[in-house]
There are 2 protein chains.
Amino acid sequence: MSQPRTPRIRQLEALMAVIRNGSVTAAAADLGISQPATSRLLADLGKDFDFQLFDKRDNRLVPSQEVRMLEPDIRRVLELMRHISDSSANITKRKAGHIRIACLPGFATNHLPAVVADFLKDRPGVTLTIEPDRPERILEWMITEQYDFGITDGFFGHPAVDRTDIKVRTVCVFPAGHDLGRLEKIRPRDLAQERIIHPRKDSTFFQQLDRRFQNDKVELHSLIEVRQFTAACELICKGIGVSIVSELDAVKYADQGLEYRPFHPPMPHELSLVRPIHKAPSLITLEFIEEFASSLAPFLLRG
Amino acid sequence: MSQPRTPRIRQLEALMAVIRNGSVTAAAADLGISQPATSRLLADLGKDFDFQLFDKRDNRLVPSQEVRMLEPDIRRVLELMRHISDSSANITKRKAGHIRIACLPGFATNHLPAVVADFLKDRPGVTLTIEPDRPERILEWMITEQYDFGITDGFFGHPAVDRTDIKVRTVCVFPAGHDLGRLEKIRPRDLAQERIIHPRKDSTFFQQLDRRFQNDKVELHSLIEVRQFTAACELICKGIGVSIVSELDAVKYADQGLEYRPFHPPMPHELSLVRPIHKAPSLITLEFIEEFASSLAPFLLRG
DNA sequence: AATTCGCATAACATCATGTTATAAGGCCCA
DNA sequence: TGGGCCTTATAACATGATGTTATGCGAATT
């Protein structure tokens, strides 16, 4: 007696085709191959399985009891194979996969959702994790490779992290109807009498901003220290103070009780798109990063 | 771009082997094939799946994110294939399968359990359904092919049912200590003064018995009409009446307050082992029928 | 620079799986 | 009974899948 070899997928397909169609000839047509090919697939399978595959009844082939015992498993195998093949096709077409994104809290609520929605529109199999947190944590996640892609700012670099820096335009925002609305662009000296809402004083962004004011020989009157540009915008919509924020955030509030004008001299908000350098990114991740970067194009500070 | 072909089992095995072992060389050893063979299996799979399968890290190959997405499905497929192959081997060795048995109620409790227990001892994968019912119902189940094997009696035959008739010896049973114990064998005339417990009067068995009494010019004094030999035995164990029953049943009660002697002239209890004639029996079923039949050998009425 | 290790490629053998041609067996109908 | 007809099995062969050994290439180690 030959030791039983594990059956081949093709044989199982033939078996199921015969069960469905009730005859070898019909099964062959169903499979799109010749009748003798099907016949031999079954003969070979019958040699592997050492029992009768079919009984002849009313001129139809009906599966033997042994085959009926195996049938559920066989169905599942074939279904899974089809699923694997489908998934791989979707992955190839960048329509399936999972992307883990760590970002600044502002992006989680503000710009990112629109990009994600657009990205998912024709990629039904893709899933995402979006984790908002502080820059230090984002950096840590990149280093430990727990996330595929990070959006952060004030990034100093790290050998395990691949960075793409993006300079986003910043604008001066103020409550709608404020006198500043009469200016084309706003310089530090225009803000000499204003109380400023700004990020934490130990942030890179604040230090840049403060230097601009110093260059203009104007004192920066601090009103509120916030962590997020969106928080500043919310406050200004309520009629409190003025701020210099990323244009990304400003546009979102443009019709919610806030106006903005270019800030001069041009000052960037320096975003960094980061990812683990040692971990090969999946293609779908690269594609997302690309789409995300290009979504920022309208807001880039040229030069 | 080539249309994606469905991957082959062998390729998936190679993929999992590399994931397990972290290198192609080790995977090849694991699979028991040469390194180049493994290498090409992966290369081919990589062509089918149009993405990177592995990243090199710390001198190990770790699966790419895309592969990790597919990994659970792949595992399940391979596991199922193994299961199919195992089951088929068990079936081949007649160690798995399901047998549906319909039998007289007496057999369900009396002789059959021992045979089943013995049969299952070295066939761990086999499962059974045992359904006790009246002969008419058993016949119906055979005709409708709802059961694989039936044990019945008083069977007149049916074109859709394959029968094997078995004549089991009958014995006269009586309470332990009864005067009849002094006889070697018991004839109807020995029972002239006894009250008989017997099957229903419309049964074949009763009619045979009655004829024996008539031949001996003895009247059969009916005491209780039962459906089952075991019921008769139970009553006799309580000291009531005498009966003529299958020796199969008598032996079970031999040490429970009952004695028995051969009945003369020899009278068979005509059992029929039946199965659906149009339905090809599974090998395991045939094997069981054979084992069951031979378990009856010690009780056969020769001639 | 030389060695070693791991992987990929080449050339080839064998098995798997398809083809077409044809024979064998069961069923229906005169 | 014998002739068509349908279904399945077998034969002979082409091609693809999967194994072999021999060998080359590049990165890590010495």
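**Figure 1. α3(B) gives four residues, the largest share, to the surface near DNA strand D.** This is a predicted model, in which local features need pLDDT of at least 70, side-chain atom pairs count only at pLDDT 80 or more, and totals for chains, interfaces and linings use all residues. Residues are numbered from 1 along each chain as its sequence is written, chains are lettered from A and ligands numbered from 1 in the order in which they are written, and side-chain values use heavy atoms, without hydrogens and water. A residue is near a strand if one of its heavy atoms lies within 4 Å of it. Helices (H or I, at least four residues) and strands (E, at least two) are DSSP runs, numbered from the N terminus. At least two residues each come from α2 (24-31) and α3 (35-48) of chain A and from α3 (35-48) of chain B. Of the 16 residues around DNA strand D, the nearest are A:T25, A:S39, B:R8, B:R10 and B:S34.

**Figure 2. Polar contacts to DNA strand D involve both phosphate and bases.** A polar contact is a pair of N or O atoms within 3.5 Å; within protein, one must be able to donate a hydrogen and the other to accept it, and residues adjacent in sequence count only if both atoms are side-chain atoms. A polar backbone atom of A:V24 sits 3.1 Å from a phosphate oxygen. The side chain of A:Q35 places an N or O atom 2.9 Å from a base nitrogen. B:R40 has a polar side-chain atom 2.8 Å from a base oxygen. Sugar or phosphate makes up 52% of the strand D atoms within 4 Å of the protein; the rest belong to bases.

**Figure 3. DNA strand C has 16 residues around it, with A:R8, A:R10, A:S34, B:T25 and B:S39 nearest.** Of the strand C atoms that come within 4 Å of the protein, 53% are sugar and phosphate. An N or O atom in the side chain of A:R10 is 2.6 Å from a phosphate oxygen. For B:S39, a polar side-chain atom lies 2.4 Å from a phosphate oxygen. B:Q35 has a side-chain N or O atom 2.9 Å from a base nitrogen. Four residues of this surface, the largest share, come from α3(A).

**Figure 4. Chains A and B are related by a two-fold axis.** A turn of 180° and a shift of 0.1 Å along the axis lay chain A on chain B with an RMSD of 0.1 Å. The superposition is by least squares on the C-alpha atoms of residues with pLDDT of at least 70 in both copies. In chain A, the C-alpha of A:V77 is nearest the axis, at 2.9 Å.

**Figure 5. Domain 2 of chain A meets domain 3 of chain A.** An automatic or database assignment sets the domain bounds. Chain A has domain 1 (9-92), domain 2 (96-165 + 270-299) and domain 3 (168-267). Here 13 residues of domain 2 are in contact with 12 of domain 3, where contact means heavy atoms within 4.5 Å. The two domains bury about 1,100 Å² between them, 54% of it on carbon and sulfur atoms. Buried area is the accessible area (1.4 Å probe) that two parts lose on being put together, summed over both. A:N110, A:E270 and A:F299 supply 52% of the area that domain 2 buries against domain 3, more than any other three residues.

**Figure 6. A cis peptide bond joins A:H264 and A:P265.** Its omega is about 0°. A:P265 is in the loop between β10 (258-262) and β11 (268-276) of chain A.
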